[in-house]
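Good morning, everyone, and thank you for making the time. I would like to walk you through one structure, taking it piece by piece for those who have not met it before.

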Amino acid sequence: MVAGSIRGLTIVAGVRLVNLTKRFGDVVAVSKVNLEIRDGEFLVLVGPSGCGKTTCLRMIAGLEEPSEGEIWIGDRLVNDVSPKDRNIAMVFQNYALYPHMSAYDNMAFALRLRRTPRAAIDARVRQAARMLGIEELLNRRPRELSGGQRQRVALGRAIVRDPSVFLMDEPLSNLDAKMRVETRAELIKLHRRLGVTTVYVTHDQLEAMTMGDRIVVMKDGVVQQVDTPLGLFYNPSNVFVASFIGTPPMNLVEAEVVAGEDGVYIDASDFQVKLPQSKAPIAEPHAGKPVIFGLRPNDLYDRDLSPTVQASDGNTLTAKVEVVEPMGAEAVLYLSVGQTRLVASVGSTTRARENHPIEMVLDLEAAYLFDSETGEAILTAATGHEEILRNSSDDSVPTT
Ligand code: ATP
């Protein structure tokens, strides 16, 4: 349901993209995107540079004309509606503030163009400034503000317009790391308060994971998966999504499924592990075929630190410690087993020493397998453990 509805004074609306495609000459920047963004939802488009996320956003904004497909905002087909009549507000990475105007005038500008009465403009600018904690800064020009303050003014300028939809293109990427984390939390609070449908573009998977109600992962113009943060993390649809989401990234190792007499094994040449009962029946039909075995770094445990996972012949290996990276609460270990490289995130009390052997225990309940040829997931950490996705929506497969 994407029809517009009245919430307070703001008309909010969902957004629907139907077969949305954009070609620049031979380059297909966006390919047949089908997506239903719910009324009031915070949806993040994420993917590596050049995957088409900005082009998607610009088409919703009306700044780029689709080569094919439809864009609906609420119950209105907006393909032929000019940007200013789409009732959207866009926030960019570079703030795009007018340098010669005060923060107040920057925020008031669009309302003055619309000939909104002066008293109403004043009330809306001050209300937005209060919400954003910039009331004291309204008389300053952009060059007299910090990056974070400028970004707030840019947000304020979007808020005062009471849009049906916010479109945000990497709005935090000019801020330093600490400021980015703070502003991220503020944006989420603001979204909860305003309830306006928001489409947010970022290349930063961590930002996507912490902010999105749902996340769209794109690659080469094609939607790979639409899911909740937990859904993407525990149940990625393919090896690209698995490797893109999560830090440090998932370990991915070429291997073969081997059906033995006493169970199903993953043979990765340099080591062999035995799949638990919850996974074995799903892997077994792939016996003899090449697969990609995946395990997230925090599912490899230092055996000396009494892992919660019971060690057995089928889930332990001896590795050589190449590098230890202390991170505070945990340590990241770069390991080698023969030619295979593995990364493990372990407790900071680890006694791992560079160039020394270490015994690792693998939690194979959290193992992933992908088809080597297609990259499609065969089994994931969620397989047999569907309870971990309980808070994750399942009605999120609008890709073609
Ligand atoms: P980034 O994070 O680097 O901004 P993105 O995911 O937002 O990347 P887009 O900017 O949407 O990607 O670009 C998608 C593809 O379309 C890229 O290959 C890009 O080079 C191409 N492209 C974008 N705009 C144009 C244009 N105006 N003319 C030609 N090619 C373009």
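I will begin with confidence in the model, then turn to the ligand, a helix, the aromatic rings and, at the end, a single valine.

Please keep in mind throughout that what you see is a predicted model. The mean pLDDT of the protein chain is 90, and 94% of its residues reach 70 or more. There are stretches to treat with care, however: over residues 1–10 the pLDDT stays under 50, although the model gives this stretch 29 contacts beyond four places in sequence. Residues 393–400 also have a pLDDT below 50, and here the model has 19 contacts beyond near neighbours in sequence.

Let us move to the ligand. Which residues surround the ligand? They are Phe24, Val27, Ala29, Pro48, Ser49, Gly50, Cys51, Gly52, Lys53, Thr54 and Thr55. Among these, Gly50 places a backbone N or O atom 2.7 Å from an oxygen atom of the ligand, and Cys51 likewise has a backbone N or O atom lying 3.0 Å from a ligand oxygen. With Thr55 it is the side chain that takes part, since one of its polar atoms lies 2.5 Å from an oxygen atom of the ligand.

Two of the residues around the ligand, Lys53 and Thr55, bring us to helix 1, where both are listed as buried. Helix 1 covers residues 53–61, and because 7 of its 9 residues are buried, this helix is largely enclosed by the rest of the structure. Besides Lys53 and Thr55, the buried residues of helix 1 are Cys56, Leu57, Met59, Ile60 and Ala61. After the helix comes Gly62, which has a positive phi, near 90 degrees.

Now to the aromatic rings. How many aromatic pairs does a search of the whole structure find? The search gives 6 of them, and I will describe two. In one, the rings of Phe42 and Tyr200 have centres 5.5 Å apart and planes at 35 degrees, so this pair counts as tilted. Phe42 belongs to strand 5 (residues 42–46) and Tyr200 to strand 10 (residues 197–202), so that the pair links distant parts of the chain, 158 residues apart. Both Phe42 and Tyr200 are buried.

The other pair is Phe240 with Phe244, whose ring centres are 5.6 Å apart and whose planes meet at 15 degrees, so here the rings are stacked. These two phenylalanines lie 4 residues apart in helix 8 (residues 239–244), which means about one helical turn separates them. In an α-helix, with its 3.6 residues a turn, residues three or four places apart point the same way. Phe240 is buried at a relative accessible area of 16%, and Phe244 is buried at 17%.

Rings also have charged partners here. Arg16 lies over the face of Trp72, 5.1 Å from the ring centre, while Arg296 lies over the face of Phe233, at 3.9 Å from the ring centre.

Finally, is Val343, in strand 20 (residues 340–347), buried or exposed? Val343 is buried, because its relative accessible area is 17% and the cut-off for buried is under 20%. Leaving aside residues up to four places away in sequence, Val343 touches Pro248, Asn251, Pro297, Leu300, Val332, Leu333 and Tyr334. Val321 lies 22 residues from Val343 in sequence, and their C-alpha atoms are 9.8 Å apart.

Key. Residues numbered from 1 in each chain as written. Predicted model: local features only at pLDDT ≥ 70, side-chain atom pairs only at ≥ 80, totals over all residues. Heavy atoms only, no water. Phe/Tyr/Trp six-rings, centres within 6.5 Å; stacked < 30°, edge-to-face > 60°. Buried < 20%, exposed > 50% of the residue type's maximum accessible area, 1.4 Å probe, protein only. Lys NZ or Arg CZ within 6 Å of the ring centre and 35° of its normal. pLDDT = per-residue confidence, 0-100. Contact = heavy atoms within 4.5 Å. Near = heavy atom within 4 Å. Polar contact = N/O pair within 3.5 Å; in protein donor to acceptor, adjacent residues only side chain to side chain.
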